[in-house]
Amino acid sequence: MSLAILVDSVPYLDQIKQLWRSNARTLGFFPDGGFSECASYKQILVALSGSQVLGYLLFRISRDRVVIVHLCVEKSHRQQHMARRLVEYLAEISKGYRGIAAACRRDFEANKIWPRLGFAAIAEKPGRGRGRATLTYWWLDHGNPDLFSGLDVLRSPERLSVALDANVFYDIYNKDAPDTLESKSLVA
């Protein structure tokens, strides 16, 4: 088996779409043109045996994170660590981002795979589908620093940690500026 980033390859796209259609009940709706668009952005990883698609991982970039849209493996090739290899490959090529996110219906059997792939459940919310089934949001952190990294050394029981938007600070600091009443209400 080999892993590759799919770039506008029509035969593979057709096989990926067939694999999606056979698993659409759990993967959900996805527009036909969406596959071509993701391929043009190099956002489909594919597991191949020769020219046969065994599985794929479709993702998108959202601000500082990578979001898994689909992770699908052909039924006859499950339990062979293919999903793990696809996720590990995605993690390797996305090290510069904060991490990888995924959402999965809690009542789906596939929801059990995320902890085995190193993801942690971070939130839940109602889905948008007919039954409004609960979605679990999963997160695989890359360990890259963010805005609040390192703040734990400044925290102590007697010190309150707060964050203040720079524009609000400037509004409060500039006493004569117009249209700053809302920001200055914080001082009251």
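This report describes selected residues and one surface patch of a predicted model.

## A buried threonine in strand β7

T136 lies in strand β7, and with a relative accessible area of 3% it is classed as buried, because the cut-off for that class is under 20%. The side chain of T136 is joined to that of E124 by a polar contact of 3.5 Å.

Leaving aside residues up to four places away in sequence, T136 touches A102, A103, C104, R106, N111, A121, A123 and E124. E124 therefore appears both as a contact of T136 and as its partner in the side-chain polar contact, while C104, another of the residues touched by T136, is itself buried at 9% relative accessibility.

## Cysteines

Besides C104, which has a relative accessibility of 9%, C38 also counts as buried, with a value of 10%. The structure holds zero disulfides.

## Helix α4 and its tyrosine

Helix α4 spans residues 82-93 and includes Y89, a residue that is partly exposed, its relative accessible area being 27%. Although Y89 and L57 are separated by 32 residues in sequence, their C-alpha atoms are 9.9 Å apart in space.

## A nonpolar surface patch

L164, F169, Y170, Y173 and L186 together make a nonpolar surface patch of about 620 Å². One of these residues, L164, is placed in the loop that runs between β7, residues 134-141, and α6, residues 166-173. The strand that precedes this loop, β7, is also the one in which the buried T136 is found.

Terms used. Residues are numbered from 1 along each chain as its sequence is written. This is a predicted model: local features need pLDDT of at least 70, side-chain atom pairs count only at pLDDT 80 or more; totals for chains, interfaces and linings use all residues. Side-chain values use heavy atoms; hydrogens and water are left out. Patches are made of residues with over 30% relative accessible area and no salt bridge: like charges are joined within 9 Å, nonpolar side chains (Val, Leu, Ile, Met, Phe, Trp, Tyr) within 5 Å. Accessible areas come from the Shrake-Rupley method with a 1.4 Å probe; for residues, only the protein chains shown count as cover. A salt bridge is a side-chain nitrogen of Lys or Arg within 4 Å of a carboxyl oxygen of Asp or Glu. Helices (H or I, at least four residues) and strands (E, at least two) are DSSP runs, numbered from the N terminus. Buried means under 20% relative accessible area, exposed over 50%, partly exposed in between (1.4 Å probe, protein chains only). A polar contact is a pair of N or O atoms within 3.5 Å; within protein, one must be able to donate a hydrogen and the other to accept it, and residues adjacent in sequence count only if both atoms are side-chain atoms. Contact means heavy atoms within 4.5 Å. A disulfide is a pair of cysteine sulfur atoms within 2.5 Å.
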